Amino acid sequence: MENLDYARLQMAFTLGFHIIFACIGMVMPFFMVVAHHKWLKTRNPIYLKLTKAWMKGVAIFFVTGAVSGTALSFELGMLWPEFMKHAGPIFGMPFSLEGAAFFVEAIAFGFYLYGWNKLPEKFHWFTGIIIGVAGVASGILVVSANGWMNAPSGFDYVNGEFINIDPVQALLNPAWFTQALHMTLAAFVATSFGVAGIHAYQIYRGKNIELHTKAFKIAIIFGAIAAFFQPLSGDLSAKDVAERQPVKLAALEAHYVTAKGVPLYIGGIVDEEKRTVSHKIEIPKALSFLAFGDFDAEVKGLNDFPDDELPPVAIVHYAFQIMVGIGTLLMIAGLIFFISLKKKKWQKSKVYWLLFIAMAPLGFIAIEAGWIVTEVGRQPWIIHQIMRTEDAVTPMPGMKYSFFFYLFLYTILVITVTWLMHRQIKTLNKE
Amino acid sequence: MLSVVLFFLFFSLLLYVLLGGADFGAGIVELFTAPSKRNNTREVIYRVIGPIWEANHIWLIILLVILWTAFPGYFYIIVTYLHIPLALVLLGITIRGVAFVFRHYDAVIDQTQFWYNWLFRIGSLLTPIFLGITFGGLVGGRIIISEDYQNLDFYDVFLQPWLNPFSFLMGIFFASICAFLAASFLIGETNGENRKHFSKISAKFTIALVIIGGALFLYGYINNIKFIENFLHNPVSIASVGLSGLLLIPLWKFINNERRLASRFMASLQVFLILFAALYVHFPYLIYTEEKEISLLESTSSASSIENLAITLLIGGLVILPGLFHLMKSFNGIEVYENEK
């Protein structure tokens with residue numbers, strides 16, 4: 001493998017790591033303030049205990065997200081200096097706003113963590129809300145910057161020069177809304193099912209059932225609602241990609257030959273050499289409909305694009321299948337939760353809890369898959385149709401060592417954080 | 001509008017050096033504290049820097065975003081040629097950041113605290129050293145800017161700009177600035193035994209700072225390092241550093257008289273003067289390569305990018321600074337001042 005491949009691997013790995021912590025760090029504060037609100041209203045000490053337990057979790061995830069985010073903002077330049085040299089001035093705005101939002105979040109966090117018994121109760125609670133809102137704002141802004149890479153706008157590209165730069169238009173690029181909506185919902189779905197799954201496991205084991213049931217209910221509601229809207233947001237995204245990045249759409253579906261009334265492939269094994277897909281399930285005309293809202297619309301196939309502008313098809317196709325599959329599963333799981341509110345006896349069944357335990361990691365897998373779809377699907381471009389990834393990479397050799405260094409460091413961090421969460425729960429059950 | 005951006009660039013730099021620096025310094029102070037008193041120090045640090053520690057480090061991100069948005073050519077040189085020391089800075093930031101939170105939010109207190117504590121202390125020492133090394137690399141005059149990577153040695157392009165005694169001295173110098181700041185700030189937060197302890201530590205780090213600073217200048221002067229030579233030939237810079245040294249006298253008076261806020265202000269002013277001296281003589285030429293000095297203003301981005309950034313920074317500043325001030329006021333600093341009255 002070349003330097004470029006290792007640089008890409010490092011970017012993918014560090015982003016993939018950061019995304020998990022960033023999502024938890026931006027969604028969990030909402031669970032925390034709901035529990036906190038219930039404590040203020042009912043004065044039931046269980047809610048206070050839960051709030052504080054979640055707060056400790058948020059602190060650990062927040063700091064891991066913050067330091068890995070700091071590393072990422074450096075990495076953008078350290079790995080892709082040529083990209084940042086040109087892109088920095090154009091899409092600087094979402095980053096500078098994100099810096100401000102992150103600042104607000106950190107300030108609110110200071111108030112919240114240290115404000116117990118020192119600040120007026122309502123103000124203290126309110127700083128928790130600010131943590132969540134500022135976190136979500138940060139997420140949206142960063143995704144907007146990524147949207148710009150998919151839908152570059154706010155400049156004219158003349159003879160290799162970026163001129164007439166309009167940062168506001170770059171911020172509000174055509175992809176920002178669909179991508180930000182999809183990501184924000186995904187963060188809520190993944191974190192919510194993740195947290196609910198952990199509490200479901202405690203209920204399943206019969207530990208501290210009262211507390212964990214309360215925790216489960218608070219956490220799952222967010223995810224169940226978000227999971228319901230996620231397919232709609234996915235549909236918007238697909239239509240958007242179909243319009244702006246037809247090659248990415250074709251790669252999602254491993255669709256090689258341009259045709260009208262194109263079927264949707266579910267599953268299948270992609271042969272990139274022969275350009276065929278075997279063992280798939282076909283839904284007639286569905287791709288044409290999903291992409292363009294018309295059963296007979298023409299969908300351009302990969303064969304119609306120059307070979308050196310094709311992304312790796314198999315990876316993108318598989319990742320897309322995983323993302324959509326999990327999205328559907330979680331929507332059904334959310335539905336099951338809502339039905340269980342009526343049919344209380346479901347909650348007595350072990351299978352019910354096992355189901356939610358099984359769902360716990362899925363949302364995060366879907367998030368990773370989704371980012372593979374959008375990032376690998378954009379290749380070979382770092383700025384769609386403007387700059388190639390290979391032209392942006394650092395001239396410094398030896399990225400191999402850098403990659404393995406991060407792999408080592410972050411693997412240890414993941415193990416440590418998981419172990420810390422385990423200790424939090426054990427302590428919570430003992431008390 | 002460029003002046004607004006420049007203001008925020010240096011403002012963020014100053015606050016990162018003062019607040020982020022004091023934060024690193026707190027770990028260094030803990031490292032150099034006798035084992036019997038470390039626990040005590042640890043609690044003081046948690047109480048004092050805990051509420052604002054994350055905010056302290058966001059100044060670095062603001063700095064970074066300003067650089068790449070407004071001065072992309074400059075940013076390019078830093079991240080390309082100083083890739084390795086920056087990676088080491090990031091390693092340090094990661095380790096000490098997570099160690100600080102883990103040690104205070106781990107649900108179980110057991111032997112793992114030993115590891116958190118040591119990672120925090122060592123990370124706190126190494127991170128500012130690497131930051132200083134990076135800065136030393138930037139101004140040391142050894143960067144080779146070339147597109148001809150095939151014919152150049154890895155060592156010449158990516159190692160020797162920062163892997164040299166000058167950069168290393170700069171690293172130690174910055175670490176001692178951090179420790180000096182932290183010790184001076186912490187004195188105002190404690191009483192009785194702790195006060196005496198931090199006063200002693202503060203004295204030690206002040207002496208270390210003066211010695212290391214002297215060594216840095218001497219080394220630069222003997223080896224004809226332009227950054228230092230320019231410095232020594234500029235009356236304003238010399239005066240600033242001299243004044244910074246003289247201010248040690250009022251600083252010690254304030255500390256002895258328990259004027260906590262005044263002593264903090266004095267320590268900050270001293271560091272500000274050192275930073276000002278370094279920037280005044282060189283601005284806008286803040287990168288020194290083998291061949292020439294590169295101006296910060298040489299590769300500014302387009303007027304529209306600068307204008308947009310300036311407006312964003314102004315709005316962001318209006319939101320953040322009152323919040324930050326209120327946070328500091330709520331948990332320390334000014335509260336102490338009020339008690340004094």
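**Exercise 1.** Does B:Gly141 count as buried or exposed, going by its C-beta neighbours inside 10 Å?

*Solution.* Keep in mind that this is a predicted model.

- Step 1: Find the residue. B:Gly141 sits in the loop between helix H6 (112-139) and helix H7 (154-159) of chain B.
- Step 2: Count its neighbours. There are 21 C-beta neighbours inside 10 Å of B:Gly141.
- Step 3: Apply the cut-off. A residue is buried if 20 or more other C-beta atoms lie within 10 Å of its own, so B:Gly141 counts as buried.
- Step 4: See who the partners are. Leaving aside neighbours within four places in sequence, B:Gly141 is in contact with B:Ile225, B:Lys226, B:Phe227, B:Tyr288, B:Thr289 and B:Glu290.
- Step 5: Try a residue outside that list. B:Leu275 is 134 residues from B:Gly141 along the chain, and their C-alpha atoms are separated by 19 Å.

**Exercise 2.** Now visit B:Ala70 and work out why it counts as buried.

*Solution.*

- Step 1: Look at where it lies. B:Ala70 belongs to helix H3 (residues 53-70) of chain B.
- Step 2: Count again. B:Ala70 counts as buried because it has 31 C-beta neighbours inside 10 Å.
- Step 3: List the contacts. Not counting residues up to four places away in sequence, B:Ala70 touches B:Val5, B:Thr300, B:Ser301, B:Ser305, B:Ile306 and B:Leu309.
- Step 4: Check a distance. From B:Ala70 to B:Val241 it is 30 Å, C-alpha to C-alpha, with their positions 171 residues apart in sequence.

**Exercise 3.** Step back and describe chain B as a whole.

*Solution.*

- Step 1: Tally the elements. Chain B holds 15 helices and 2 strands.
- Step 2: Judge the compactness. Its radius of gyration is 20 Å, close to the 20 Å that the globule rule gives for 341 residues, so chain B is as compact as a globular protein of that length.
- Step 3: Add the extent. The C-alpha trace of chain B spans about 60 × 45 × 40 Å along its principal axes.
- Step 4: Look inside. Of the 341 residues, 51% count as buried.
- Step 5: Consider the contacts. Among those in chain B with a separation of 6 or more, 79% join residues 24 or more positions apart.

**Exercise 4.** How do helices H1 (residues 3-42) and H8 (residues 209-244) of chain A pack?

*Solution.*

- Step 1: Read the geometry. The axes are 10 Å apart, at an angle of about 135 degrees.
- Step 2: Classify it. H1(A) and H8(A) are therefore oblique to each other.
- Step 3: Give the handedness. H1(A) passes H8(A) in a right-handed crossing.
- Step 4: Name the residues. H1(A) contributes A:Phe30, A:Phe31, A:Val34 and A:Ala35, while H8(A) contributes A:Ile218, A:Ala219 and A:Phe222.
- Step 5: Sort them by class. The contact has 7 nonpolar, no polar and no charged residues.

Terms used: Residues are numbered from 1 along each chain as its sequence is written. Chains are lettered from A and ligands numbered from 1 in the order in which they are written. This is a predicted model: local features need pLDDT of at least 70, side-chain atom pairs count only at pLDDT 80 or more; totals for chains, interfaces and linings use all residues. Helices (H or I, at least four residues) and strands (E, at least two) are DSSP runs, numbered from the N terminus. A residue is buried if 20 or more other C-beta atoms lie within 10 Å of its own, exposed if 12 or fewer, and partly exposed in between; C-beta atoms are placed from the backbone. Two residues are in contact if their C-beta atoms, placed from the backbone, lie within 7 Å. Axes are lines fitted to C-alpha atoms, for helices over the stretch in contact, and angles run from 0 to 180 degrees between N-to-C directions. Angles under 35 degrees count as roughly parallel, over 145 as roughly antiparallel, 65 to 115 as roughly perpendicular and the rest as oblique. A crossing is left-handed if the near helix is turned anticlockwise from the far one by less than a right angle, and right-handed if clockwise. Ala, Val, Leu, Ile, Met, Phe, Trp, Tyr, Cys and Pro count as nonpolar, Asp, Glu, Lys and Arg as charged, and the others, Gly among them, as polar. The radius of gyration is taken over C-alpha atoms; the globule rule is 2.2 Å times the number of residues to the power 0.38.
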